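Please look through the structure below at your own pace, and keep it in view while you read. The paragraphs that follow lead from one group of residues to the next, and each term is explained where it comes up.

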Amino acid sequence: MDFTKTLLIITIFSLSCLLAHTNAVRTPQARVWTICKPTTNPLLCYKTILPQVLSAKRFNMYKAVEIEVLAAQKQVQKTAGVIDALLAKPGNPKSLNGSLSTCKDQYSNMLDSISETIKVVAQRNAVEARFKFSAVLSYHASCNDDFGANVTSPFADDAKLVYDLGGNCLDIMKAIEDRESRRRFAGGKVNPTTPTLPTPSGGPCRGVVGICVFH
């Protein structure tokens, strides 16, 4: 009798541990970190996506990339405003104004590409989205190149954020594309509206059940 009771207690304890582990790895924090960990700037990705996920009714990888694209759009708009303010300063060297004018055009092109990308993401087409969004980093490089190797851009910090957010977007798009390709290759049916999330692997808030505040 004692052995049976002991076995029952051990079984209940083991099941409780398993359920606790399952609930932990399914937290929004863990799911977001699984997506962000392989990206260009994982912590930036985590910080931009997680707050939106905590209030979202549904979440999948397309939602993640939508959030990151919108964050990139906002940063490009901010940086474009900084460029306009720099151009308006009197007494700028001619060479600086020339580079700023080039960057103003490139950032305008970025916003056009992002607008096109948003439409394609809404259609759940990762391949086309990645193709369109890749132009954003090309325009970014053209702006940076215009300053030359020995000249520091006066908006370098803002430009770095644009690059990191853009890289994160492309990384998530590629992850979706690869996952869908693998499923097609395996003969599975891909539902483009609900891509399967990778198995969560933890993150900055590993093991936390409920809302985790990450700084």
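**Disulfides, rings and the core**

Across the whole structure, a search finds two disulfides, a disulfide being a pair of cysteine sulfur atoms within 2.5 Å. The model is a predicted one, in which local features need pLDDT of at least 70 and side-chain atom pairs count only at pLDDT 80 or more, while totals for chains, interfaces and linings use all residues. Residues are numbered from 1 along each chain as its sequence is written, and side-chain values use heavy atoms, with hydrogens and water left out.

One disulfide joins Cys-36 to Cys-45, with the two sulfurs 2.1 Å apart, and its angle of -65° about the S-S bond makes the link left-handed. Cys-36 counts as buried because its relative accessibility is 0%, where buried means under 20% relative accessible area, exposed means over 50%, and partly exposed is what lies in between (1.4 Å probe, protein chains only). Cys-45 is buried as well, with a relative accessible area of 0%.

The other disulfide joins Cys-103 to Cys-143, with an S to S distance of 2.0 Å. The torsion about the S-S bond of Cys-103 and Cys-143 is about 95°, and therefore this disulfide is right-handed. The pair links distant parts of the chain, since Cys-103 is in helix H5 and Cys-143 is in helix H6, 40 residues apart; helices here (H or I, at least four residues) and strands (E, at least two) are DSSP runs, numbered from the N terminus. Both Cys-103 and Cys-143 are buried. Cys-169, by contrast, is in no disulfide, and the nearest cysteine sulfur, that of Cys-45, is 8.6 Å away. Cys-169 is nevertheless buried, with a relative accessible area of 0%.

Next come the aromatic rings. How many aromatic pairs does a search of the whole structure find? The search finds three, where rings of Phe, Tyr and Trp (its six-membered ring) pair if their centres lie within 6.5 Å, and where planes under 30 degrees apart count as stacked, over 60 as edge-to-face and the rest as tilted. In one of these pairs, the rings of Tyr-107 and Phe-155 have centres 6.1 Å apart and planes at 85°, so the pair is edge-to-face. This pair also links distant parts of the chain, for Tyr-107 is in helix H5 (residues 94-122) and Phe-155 is in the loop between helix H6 (126-147) and helix H7 (156-185), 48 residues apart. Tyr-107 counts as buried because its relative accessibility is 1%, and Phe-155 is buried with a relative accessible area of 2%. The rings of Phe-147 and Phe-155 also form a pair, and because their centres are 5.9 Å apart and their planes are at 70°, this pair is edge-to-face. Together, Tyr-107, Phe-147 and Phe-155 form one aromatic cluster.

Two members of this cluster lead on to Thr-79, which is in contact with Tyr-107, Phe-155, Asp-158, Ala-159 and Val-162 when its neighbours within four places in sequence are left aside; contact means heavy atoms within 4.5 Å. Thr-79 has its place in helix H4 (residues 61-87), and it counts as buried because its relative accessibility is 0%.

Tyr-107 and Phe-155 appear again in the largest nonpolar core, which has 46 residues and in which those with the most contacts are Val-32, Ile-49, Val-65, Tyr-107, Phe-133, Phe-155 and Met-173. A nonpolar core is a set of buried Ala, Val, Leu, Ile, Met, Phe, Trp, Tyr and Cys residues joined through side-chain atoms within 4.5 Å. Helix H2 (28-36), helix H3 (42-54), H4, H5, H6 and H7 each supply at least two residues of this core, and H4 gives the most, with 12 residues. In soluble globular proteins, nonpolar side chains tend to be buried together. Val-65, leaving out residues up to four places away in sequence, touches Val-121, Cys-169, Ile-172, Met-173 and Ile-176.

Buried residues also include polar ones. Asn-168, found in helix H7, is buried with a relative accessible area of 0%. Residues up to four places away in sequence aside, Asn-168 touches Thr-39, Thr-40, Asn-41, Leu-44, Cys-45 and Glu-68, and among these is Cys-45, which is joined to Cys-36 by a disulfide.
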